[in-house]
Every structure is written in C-alpha cells, then in structure tokens.
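Colleague: I'm new to this one and would like a guided look at a single part of it. Could you take your time and walk me through it?

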Amino acid sequence: MLNNLTPVVRNLLIINVVVFFLGNFVQLDLTAMFGLRNFQADTFKPYQIVTYMFLHGGLGHLFSNMFGLFMFGSMLERIWGAQRFLFFYFFTGIGAGLLYLGINYYEMDKVQKAIAIYADHPSPESFLGYVNKYVGDLTFGSNEFIQNFKANPSDKSIIKETLSFIQTDYLRQLNIPMVGASGAIFGILMAFGYLFPNTEMMLLFFPFPIKAKYFVTFYGLYELYAGIQRSQGDNVAHFAHLGGMLFAIILLKYWGTERNKFY
C-alpha cells in the first residue's frame with residue numbers, strides 16, 4: 001500500500017514522522033523555537049508560519065494528520081502533479097496559520113482591554129470575574145487570599161499582586177505555540193470534497209456511507225461552531241482548520257474546476 005504513495009506525500013509523511021521522533025525521543029524542544037506564536041509575542045519569528053506545520057503535540061495528533069494526508073493527498077497529487085500539490089499544501093498551511101494569527105490577535109486584544117478595565121477599577125469581584133472568563137480556573141493564591149482581598153478591597157499591595165498575576169497570565173497566553181499540519185490537511189480534505197463531491201466515504205465514527213461534499217460541509221460547520229463556542233480546556237485551533245479550508249477554496253476557485261487545468 002505504501003508503494004502507491006506519490007513522492008511529495010511520501011516525503012511529507014517521512015519529514016513529519018522524523019521531526020516528531022526527534023522532538024520526543026531525542027528530547028529536542030522544537031516547539032519552543034518553531035511553533036507558531038502570536039506575532040506580538042517576543043518569541044514570534046516569521047519562519048514559524050511554515051515550521052509550525054511540521055510539529056505535533058502528541059502521537060494522536062500526528063497520526064490523525066498523517067492519516068488524512070495518506071488517505072487523500074496522493075489522489076490530489078496525481079491529478080495536479082508534484083509541484084502544484086506541494087504549492088497547495090504550503091498555501092493552505094500558511095493560510096491556516098495567518099487566519100489563526102488574526103483570530104488570536106483579536107482574542108488577545110480583548111484580554112488586554114479587560115486587563116486595562118480591571119486596572120482602572122480593581123475589586124475582588126472584577127478580579128474573580130476576569131479569572132473566570134480569561135484564565136478558566138483560579139490558579140492564583142488560595143481562598144484565604146481572596147477572602148483577604150474581599151476584606152481589604154483597597155489594599156494596594158493586594159491589588160498589585162493581582163495585577164502581576166493577570167499580566168503574567170496574559171504573557172503566558174500570548175506565548176502559547178500552535179503546532180500541527182491540520183490546516184494543510186483540512187485544505188486537502190476540502191479539495192477532495194470539492195473535486196469529488198459525490199464520492200461515498202465510510203468513516204469509523206459514522207456507520208453509514210456519506211458523500212464527500214456532505215462530510216466536508218458538516219465538518220466545516222462543526223469547526224466553526226467549536227471555534228466560536230471555544231469551551232474551557234479546548235486547545236484545538238479550530239480557526240486554523242477553517243483557514244486551511246478557506247484558502248483551499250480560494251486557490252481552487254483561482255485554478256478552476258476543470259480537472260485538465262490542473263495538469
């Protein structure tokens with residue numbers, strides 16, 4: 001079955017697997033340097049918009065992305081040729097990263113404004129409100145500290161401590177890296193659904209055959225819902241997935257829909 005892989009897909013699979021094993025078994029912290037950071041962070045580097053695509057957060061993350069590449073990538077490469085497929089892969093992966101950066105900038109800008117509001121009007125209630133909304137759980141101090149803050153709401157040393165915690169957590173969030181080939185893989189999935197809309201797919205988690213166009217549509221809608229809903233503890237970059245799909249559509253529309261135009 002591996003003999004049926006096209007050259008670019010095969011090389012991408014090898015590179016991703018080798019990078020993963022280097023990072024996890026040779027104990028190289030590749031994510032620290034090559035994961036995609038918010039461009040306002042001190043750790044942001046322009047090359048991260050490309051390198052993040054070759055890093056993965058775990059074996060399950062790697063497997064799911066490489067499985068998608070394995071299943072759908074070779075068919076597209078045979079249609080388009082190696083050069084065009086490789087361009088598509090990087091175009092959608094980079095596009096996914098750009099959309100992620102834009103959404104992340106918007107989200108962190110809201111956090112920054114919330115910090116400014118708290119700094120102007122600090123109180124125990126507004127501090128707890130900030131923590132519940134932007135931190136997720138109270139990892140700061142103890143219940144005794146909160147009770148002390150409530151008993152002394154104008155204590156400058158306590159207010160200074162809460163501001164220090166909020167600023168530190170803001171920097172932590174700003175420097176959380178995004179990794180994975182998911183954006184490019186979602187671009188590949190979108191291209192497959194676009195070019196072969198009536199192909200029936202059998203999925204492990206769905207016991208009935210489903211046409212590619214419906215699967216891609218439902219998956220895209222789910223990613224949009226999950227990205228907007230953004231429940232606590234959800235560390236999936238849903239808008240990066242949508243970015244890959246969006247940039248895939250843009251490029252496919254530019255290239256045209258007739259298959260003979262892709263050669």
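Before we zoom in, among contacts in the protein chain between residues at least 6 apart in sequence, what percentage join residues at least 24 apart? After that, please stay with helix α8: which of its residues are buried, and which helices do those residues pack against?

Modeller: Happy to, and bear in mind that this is a predicted model. On your opening question, the figure is 69%, counted among contacts between residues at least 6 apart in sequence. For a bit of background, the protein chain has eleven helices and two strands. Read from the N terminus, the order is α-α-α-α-α-α-α-α-α-β-β-α-α. The chain has 263 residues, and 43% of them are buried. Its accessible surface is about 14,700 Å², with 63% of that belonging to carbon and sulfur atoms.

Now to helix α8. It covers residues 156-174, which makes 19 residues. From the first C-alpha to the last, α8 reaches 27 Å, close to the 27 Å expected at 1.5 Å a residue.

The buried residues start with Ile-158 and Ile-159, then come Thr-162, Phe-165 and Ile-166, and further along Asp-169, Tyr-170, Gln-173 and Leu-174. If you wonder about the spacing in a list like that, an α-helix has 3.6 residues a turn, so residues three or four places apart point the same way. As for the partners, the buried residues of α8 pack against α5 (82-120), α6 and α7.

One of those buried residues deserves a closer look. Asp-169 has a relative accessibility of 6%, so it counts as buried. Side chains of opposite charge can pair when their charged atoms come close. Asp-169 does this with Arg-172 in a salt bridge, where the closest N and O atoms are 2.9 Å apart. Both sit in α8, and because they are three residues apart, about one helical turn separates them. Arg-172 has a relative accessible area of 42%, so it is partly exposed. That gives you a pair with a buried Asp-169 and a partly exposed Arg-172.

The structure holds two salt bridges, and the other takes us to one of the partners of α8. In helix α5, Asp-109 and Lys-113 are four residues apart, about one turn of the helix. Their side chains meet at 3.3 Å, N to O. Here Asp-109 is partly exposed at 21% relative accessibility, while Lys-113 is exposed, with a relative accessible area of 52%.

The other two partners, α6 and α7, also touch each other. Two packed helices are described by the angle between their axes and the distance between the axes. For α6 (residues 124-135) and α7 (residues 143-151), the axes come within 9 Å and cross at roughly 140°. On the α6 side, Pro-124, Phe-127 and Leu-128 make the contact, and on the α7 side Ile-146, Phe-149 and Lys-150 do. Sorted by class, that contact has five nonpolar residues, no polar ones and one charged residue.

One last stop, at Asn-175. This residue lies 8.1 Å from Asp-42, C-alpha to C-alpha, although the two are 133 residues apart in sequence. You'll find Asp-42 in the loop between α2 (30-34) and α3 (48-51), and at 75% relative accessibility it counts as exposed.

Conventions. Residues are numbered from 1 along each chain as its sequence is written. This is a predicted model: local features need pLDDT of at least 70, side-chain atom pairs count only at pLDDT 80 or more; totals for chains, interfaces and linings use all residues. Side-chain values use heavy atoms; hydrogens and water are left out. Axes are lines fitted to C-alpha atoms, for helices over the stretch in contact, and angles run from 0 to 180 degrees between N-to-C directions. Contact means heavy atoms within 4.5 Å. Ala, Val, Leu, Ile, Met, Phe, Trp, Tyr, Cys and Pro count as nonpolar, Asp, Glu, Lys and Arg as charged, and the others, Gly among them, as polar. Buried means under 20% relative accessible area, exposed over 50%, partly exposed in between (1.4 Å probe, protein chains only). Accessible areas come from the Shrake-Rupley method with a 1.4 Å probe; for residues, only the protein chains shown count as cover. The expected span of a helix is 1.5 Å times one less than its number of residues. A salt bridge is a side-chain nitrogen of Lys or Arg within 4 Å of a carboxyl oxygen of Asp or Glu.
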